[in-house]
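The exercises below are to be worked with the sequence and the structure at hand. Each task is followed by a stepwise solution.

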Amino acid sequence: MSILVTAPIVVPILGAGVALVFRRSLVVQRVIALVAMFAVSGTNIALLVDVDRRGVRASQVGGWPAPFGITLVVDLFSALMLVMASFAILAVLVYAIGQRDVDRASRSFHPVYLVLAAGVSASFLAGDLFYLFVAFEMTLIASYVLITLGGGADQVRTGMTYVVMNLLGSTIFLATIGLVYAATGTVNIADLVDKVAALPDGVALVLGLFLLVAFGVKAAIFPLFSWLPDSYPTALTPITAIFAGLLTKVGVYAIVRTQTFLFAPDGASKLLLVIAALTMVVGVLGAIAQNDMKRILSFHIISQIGYMIMGLALFTVSGLAGAVFFMVHQIPVKTSLFLVGGIVERSTGTAGLDRLEGLVRRMPFVSVLFFLAALSLAGVPPFSGFVAKLALVEAGFDGSQWAIVAVSLVVSLLTLFSMIKIWNGAFWGAARLDGVNVPFRRPTPVPTAAAAALVGLALFVAVAARPLYGLAERAAFGLLDQRAYVAEVLRP
Amino acid sequence: MTVLVMAAVVGVLVAVGIYLVLDRSLTRIVIGFAMLAHGVNLLLLAAGGRSGAPPLLGRGQGPTADPLPQAFALTALVISFALTAFLLTLAFRSWQLTRDDEVQDDPEDRRIAAIGRRRDEANEARRSGEAR
């Protein structure tokens, strides 16, 4: 079974190495990347089924026993994230191959992209804080290369902000690992559960807040979000899409994992509620002020992070289940919205709302895709966002946190408003494209199919909401009651 | 004593690092990150307890030092080395493109700031008109 647990990391890394060897042949690189990601997606589904049936699985790398060696653990929460992440990575890979210009521009694209995939998997599987750091670095270094891919003036300008902010976050994280080790003598998460609980309250609180800041930079929570809307929209479309869909969620995953395992229930619950509300409001207001499709969507990444933090801040099974479900629905929805934005930009040469109009007549299918994904994001019934937000709002009522419920509902309305703004600005209306100064290009089939597959996945999340929510609920239960996790990891 | 010295050195390195990272020029940021990384690596070593003992079992008599923080520091060193190289490349590329390595403003941010400024000016003009 341990083969299955390591496969989501090992397969993409091997693929990256082989793809690097075959630099001369783009076809071979594409085949390798596709095979690797199909294999990883299959493994992840097998992992999810296995974990759901038989409970937490752990693997001790190199045979070193648990608190000393590197531990890979997969529980329901990480298995769910792994499955959604590999689907998103696969769909964006197909999009990138179909769009052609990304991997033609640089033969490093496929290897680096596979390293990114391995890093994301490793972050979800990490069973100790230091390996989590290494996994983050693996993801981030790949993302630094991807965001500056092409090396144009724009990429370099935005890449700088992105790299510097994330480096700062990583440095804080590393310093925190040192502090955690000094305080407890271990970095293994399962081992830490008891040892952090035995720490004096003040020390535990400081460590918890340090970790929150370190992951907060990556998750783009308030007030550490400012790097995101500047840096995401200028990267190439597939890269923006995969960053939007996954990278912030990896940060949220780390926040959820550490805050529930190590610092609940007397953790920073009140603080997290305030952060959640501010993240939602600032994100959505930022989106309303923007006039470019990709920038609007980038600000919405931030406001949606607020919902996940809201579910976490409630520290109840229903709240966490809402947060987990929200993350599951968010990955395909967000990624597909950016892919549609990319298709529009490629066909018309712009994503500026004041220059676009009436796209629904020019590209009806793509418009429908945008419409479905946008309604899912805004949380209109019966789409997946509605189920996720309903779960969160109910959890908020259960915890009598009226303020956060009110904020989340208002932000939901504003999200709908800003989706309608994109719809009216770019898609609806007469088929005039006055502001567009390049000839209109029909959307090509493969990228459209990739976006459609993700929208289909989002719709599937809505259709299969009941079993999926059941899974999320069991995952949340595992987050609040860590005994099974600890027992499996520390099993002699 | 050594703990205090370590703490002081870490503090100074991190302070210098933060000061340099706040600069707009990328070369200074690179140096700042090198300082920060050194500071944090020393912190990792300090987390391992008293210095002076050998990190390997069976070499010399007496207690051995904790090898785990040293392994952390080694890994972190490699990562920070790679990142420094990457940042320097980015600075060089920026210099190639713009003859400068300063972090530029975002154009959309500038646009929105300009809208705000125009609105302020318009309000100012109206208010002075009403006053008259």
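The exercises concern model confidence, one chain, the chain contact and the nonpolar core.

This is a predicted model, in which local features need pLDDT of at least 70, side-chain atom pairs count only at pLDDT 80 or more, and totals for chains, interfaces and linings use all residues. Residues are numbered from 1 along each chain as its sequence is written, while chains are lettered from A and ligands numbered from 1 in the order in which they are written.

**Exercise 1.** State the confidence scores of the model and of chain B.

*Solution.* Begin with the whole model: ipTM is 0.85 and pTM is 0.91. Then take pLDDT, the predictor's confidence in each residue, from 0 to 100. Its mean over chain B is 82, and 86% of the residues of that chain reach 70 or more.

**Exercise 2.** Describe the secondary structure and burial of chain B.

*Solution.* Helices (H or I, at least four residues) and strands (E, at least two) are DSSP runs, numbered from the N terminus. Chain B has four helices and zero strands, giving the pattern α-α-α-α along the sequence. A residue is buried if 20 or more other C-beta atoms, placed from the backbone, lie within 10 Å of its own, exposed if 12 or fewer, and partly exposed in between. By this criterion, 25% of the 132 residues of chain B are buried.

**Exercise 3.** Determine which element of chain A gives the most residues to the side that touches chain B.

*Solution.* Two residues are in contact if their C-beta atoms, placed from the backbone, lie within 7 Å. The contact draws 28 residues from chain A and 30 residues from chain B. On the chain A side, α6 (129-147) and α7 (153-184) are the elements giving two or more residues. Of these, α7(A) gives the most, with 17 residues.

**Exercise 4.** Explain why Met419(A) counts as buried, and locate its contacts.

*Solution.* First, place Met419(A) in helix α18 (residues 402-427) of chain A. Next, count: Met419(A) is buried because it has 24 C-beta neighbours inside 10 Å. Finally, set aside neighbours within four places in sequence; Met419(A) then contacts Ala374(A), Leu377(A) and Ala378(A). The C-alpha atoms of Met419(A) and Ala378(A) are separated by 7.4 Å, although the two residues stand 41 residues apart along the chain.

**Exercise 5.** Identify the contacts of Phe325(A) beyond its neighbours within four places in sequence.

*Solution.* Outside that window, Phe325(A) is in contact with Val387(A), Ala388(A), Ala391(A), Leu468(A), Tyr469(A) and Ala472(A).
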